[in-house]
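The following exchange works through a structure by question and answer, with the reasoning set out before each value or name.

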Amino acid sequence: MISKETLFALSLFPYLGFLWFLSRSPQMPRLALYGFYGTLVFVAVTIPAGIYAQVHYGKSLANVDWLHGGAEFFLTLANILVVLGFRQAIIQKQQANPSTSPKQDLSSSTLSQE
């Protein structure tokens, strides 16, 4: 059976491919792209934090709260950037074409059912 470390290392290649394709899409919101790249920062922080937890505390990263929380902060930050990036893109799209507002679509479908 493949070790979890090997699986983790191999999983980076599809993610790097995902980032490569996203970075070439003109429709991809830049802030969301930064968030997806921020996930790599989370990985880069988590690996040394996990090693430190094992060497200095003899525990896994999940069992050393201050290290685990610090590492998870980077994942939270990355997720916030992704959400804000897509939110910004939706708002810009709605402002560019106000006739396709979700509120209008919802109200028109409600009226047609009556």
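Q: Which residues form one aromatic cluster with Tyr15?
A: The model is a predicted one, and in it Tyr15 and Phe18 form an aromatic pair with 5.5 Å from centre to centre. The cluster that holds both of these rings also takes in a further phenylalanine. The residues that join Tyr15 in the cluster are therefore Phe18 and Phe36.

Q: Is the aromatic pair of Tyr15 and Phe18 stacked, tilted or edge-to-face?
A: Planes under 30 degrees apart count as stacked and those over 60 as edge-to-face, with the rest counted as tilted. For Tyr15 and Phe18 the angle between the planes is 40°, so by these cut-offs the pair is tilted.

Q: How are Tyr15 and Phe18 placed in helix H1, and about how many helical turns separate them?
A: Helix H1 covers residues 4-23, and both aromatic residues belong to this helix. Phe18 is partly exposed, with a relative accessible area of 33%. Because Tyr15 and Phe18 are three residues apart in H1, their separation comes to about one helical turn.

Q: What kind of aromatic pair do Tyr52 and Trp66 form?
A: The rings of Tyr52 and Trp66 lie 6.4 Å apart, centre to centre, and a pair is counted when the centres lie within 6.5 Å. The planes stand at 80°, and an angle over 60 degrees is the cut-off for the class. The pair of Tyr52 and Trp66 is therefore edge-to-face.

Q: Which helices does the pair of Tyr52 and Trp66 tie together?
A: Tyr52 counts as partly exposed at 35% relative accessibility, whereas Trp66 counts as exposed at 55%. The two residues are 14 residues apart in sequence, with Tyr52 in the helix of residues 30-57 and Trp66 in the helix of residues 65-96, so the pair ties together H2 and H3.

Q: Are H2 and H3 roughly parallel or roughly antiparallel?
A: The axes of H2 and H3 lie 8 Å apart, and the angle at which the helices pack is about 175°. Angles over 145 degrees fall in one class by the cut-off used, which makes H2 and H3 roughly antiparallel.

Q: How many residues of the contact of H2 with H3 are nonpolar?
A: The residues of this contact divide into three groups, of which the charged group holds one and the polar group six. The nonpolar residues of the contact number 21.

Q: What separation do the C-alpha atoms of Leu75 and Val43 have?
A: Leu75 is placed in helix H3 and counts as partly exposed at 23% relative accessibility. Along the chain, Leu75 and Val43 are 32 residues apart. Their C-alpha atoms, however, are separated by 8.5 Å.

Q: Which element gives the most residues to the largest nonpolar core?
A: This core has seven residues, namely Leu19, Leu22, Met28, Ala32, Leu33, Phe36 and Val82. The elements that give two or more residues to the core are H1 and H2. With three residues, the element that gives the most is H2.

Q: How far apart are the end C-alpha atoms of residues 34-54?
A: UniProt, in an unreviewed entry, lists residues 34-54 as one of the spans under "transmembrane region", with 6-22 and 66-86 also listed. In the model the span of residues 34-54 is 100% helix and 0% strand. Its end C-alpha atoms lie apart by 30 Å.

Terms used
Residues numbered from 1 in each chain as written. Predicted model: local features only at pLDDT ≥ 70, side-chain atom pairs only at ≥ 80, totals over all residues. Heavy atoms only, no water. UniProt positions renumbered as here; feature names shortened; annotations may be inferred. Helix = DSSP H or I, 4+ residues; strand = E, 2+ residues; numbered from the N terminus. Phe/Tyr/Trp six-rings, centres within 6.5 Å; stacked < 30°, edge-to-face > 60°. Buried < 20%, exposed > 50% of the residue type's maximum accessible area, 1.4 Å probe, protein only. Axes fitted to C-alpha atoms, helices over the stretch in contact; angles between N-to-C directions. Parallel < 35°, antiparallel > 145°, perpendicular 65-115°, else oblique. Nonpolar A, V, L, I, M, F, W, Y, C, P; charged D, E, K, R; others polar. Core = buried A, V, L, I, M, F, W, Y, C linked by side-chain atoms within 4.5 Å.
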